[in-house]
Amino acid sequence: MFIDQVNIHVKSGKGGDGMVHFRREKYEPRGGPDGGDGGKGGDVIFEVKPILNSLSHFRPNQSFAADPGINGGGSQMTGRGGKDLIVHVPPGTVIYDAETGDLLGDLTETGQQLIVCKGGRGGRGNQHFATSRNQAPRTAERGEPHEEKMLRLELKLIADIGIIGLPNAGKSTLLSVLTNAKPKIGDYPFTTLEPNLGVAKIDEEATVVLADIPGLIEGAHEGAGLGYDFLRHIQRTRILIHMIDGLSEDPLADFSQINTELSLFDTKLGKKPQVVVINKIDQPDVQARLKELQASFKKKKVELVTASAMARTNTREVLLTAYKLLQELPPEQLEEEALPVYKPEVDPNQFSIHREDGDKWRVSGVAIERAAKMTYWEHYGSVRRFQRMMQKLGVDKALREAGVEDGHTVFVGDFELEWQE
């Protein structure tokens, strides 16, 4: 099944905890701190894998987590780092933050990678907190918390040439004739329910990738028919082969309708170079009205190419005409809107204080909440370190000015503390 949009949940690995440990060896009567550091948690990395052509492999599994770091040990032993999680996606995958809508990355090149969640750093063991005044510190850090996000993945097929037109205009037939693709073909609307890709050979060295886009109808840009889900696939193509049914009642109206839908969805789509093909030229009725059609299109400054996909008449000429047009285009430039928008990060040291109910207070902030999660609350030295951090950030002073008193409860993240002067 072809799937071109999916929401998934990703989570990096938590950093391993540092250790509080002291040497206890023969002939080492005073020992000393030798607690090792925790290992770094694994990152979540998206990587382009060219053999993939849809997002269907995400259907059975929509939650991904990297390995956490291993806790530190005695004798200054550092815990092993968590293994990075590599998530493979097809070329043309666009990654958004599902909650904010921010663009995180646009993956188009084979092997291209994007780190979406960084693993937490490992906590430091008590060996790092020894000083001349405190030679036996009972202070260490827990590992840094993981990151997690809800992501929206969208696939925009990457093809050199897109084949567009109304339903049953002959798009799939042309693709099957020019390439080895075997799309479903029939004489009823919406035979093609998903985009099809094929590779056409120009000569011994040159090939082009063609995409057969499902038939578009009036209102496609608003979601009518199958259009809205597949219009975005045309955005990746550089040249369009516009197939027109020569037996249609009004081929010029069909041509105008499709171009209108393209422009309404994305103004740049309507400006893409097109090779306009009158299909089914093998039919007597089409041959009889050909001069009339050519004249009407010429008034619109559109040159027609005639062909019959079913009879394989002039199909090679259609391909070569499109390829020549492709060669004349300047090198493709990355569109500005395809670049991620980087916003200034909020100062992690900022915090806010909110009085929840009488003697209960809530302290919120990136740095202070992270510090709380990395604190060993069972070790006095670690608790004192957290208190000094509150003083350094100005949380203590702000709480006093807000009116906190002895015995009040202060919440920092998931932790509940009792205020004492």
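How many bridges join β1 to strand β8, and in which sense do these strands run? In this predicted model, seven bridges link β1 to β8, the latter spanning residues 148–155, and the two strands run antiparallel. Within this pairing, N7 is found opposite R152 of β8. Strand β1 also pairs with strand β3, which covers residues 63–65, here in the parallel sense and over three bridges, and the bridge partner of K11 in β3 is A65. The side chains along β1 (residues 5–11) alternate between two faces, such that V6, I8 and V10 point to one face and are buried, whereas Q5, N7, H9 and K11 point to the other and are not buried. N7 and K11, for which bridge partners are named above, thus both belong to the face whose side chains are not buried.

The protein as a whole contains eight helices and 18 strands, and 46% of its 421 residues count as buried. Among the contacts with a separation of 6 or more, 72% are accounted for by residues that lie 24 or more positions apart.

A further group of strands forms an open sheet of three, arranged in the order β4-β2-β7 and with mixed pairing. Strands β4 (85–89) and β7 (113–117) stand at the edges of this sheet and have a single partner strand each, so that one side of each is left without a neighbour in the sheet. On average, and with direction ignored, neighbouring strands of the sheet are turned by 30 degrees against each other. The pairing of β2 (residues 44–48) with β4 is parallel and rests on five bridges, and V48 has V89 in β4 as its bridge partner.

Among the helices, α3 (residues 251–265) packs against α4 (residues 284–299) at an angle of about 40 degrees, and the axes of the two helices are 10 Å apart. This arrangement makes α3 oblique to α4. On the side of α3, the contact involves P251, L252 and F255, which meet R289, L293, S296 and F297 of α4. By residue class, the contact of α3 with α4 is made up of five nonpolar residues, one polar residue and one charged residue.

Aromatic rings form a further set of contacts, with a count of four aromatic pairs. In one of them, the rings of F255 and F297 have their centres 5.5 Å apart and their planes at 70 degrees, and the pair is therefore edge-to-face, the angle being over 60 degrees. Because F255 lies in helix α3 and F297 in helix α4, this pair ties together parts that are 42 residues apart in sequence. Both F255 and F297 are buried.

Another pair is formed by W377 and F415, whose ring centres are 5.7 Å apart and whose planes stand at 40 degrees, so that the pair is tilted. This pair, too, links distant parts of the chain, since W377 is located in the loop between α6 (366–373) and α7 (380–393), while F415 belongs to strand β18 (residues 415–418), 38 residues apart. W377 is partly exposed, with a relative accessible area of 26%, and F415 is likewise partly exposed, with a relative accessible area of 24%. Ring pairs link these two residues with F386, and W377, F386 and F415 thereby form a cluster.

Methods. Residues are numbered from 1 along each chain as its sequence is written. This is a predicted model: local features need pLDDT of at least 70, side-chain atom pairs count only at pLDDT 80 or more; totals for chains, interfaces and linings use all residues. Side-chain values use heavy atoms; hydrogens and water are left out. Two strands pair if DSSP finds at least two bridges between them. Helices (H or I, at least four residues) and strands (E, at least two) are DSSP runs, numbered from the N terminus. Axes are lines fitted to C-alpha atoms, for helices over the stretch in contact, and angles run from 0 to 180 degrees between N-to-C directions. Buried means under 20% relative accessible area, exposed over 50%, partly exposed in between (1.4 Å probe, protein chains only). Angles under 35 degrees count as roughly parallel, over 145 as roughly antiparallel, 65 to 115 as roughly perpendicular and the rest as oblique. Contact means heavy atoms within 4.5 Å. Ala, Val, Leu, Ile, Met, Phe, Trp, Tyr, Cys and Pro count as nonpolar, Asp, Glu, Lys and Arg as charged, and the others, Gly among them, as polar. Rings of Phe, Tyr and Trp (its six-membered ring) pair if their centres lie within 6.5 Å; planes under 30 degrees apart count as stacked, over 60 as edge-to-face and the rest as tilted.
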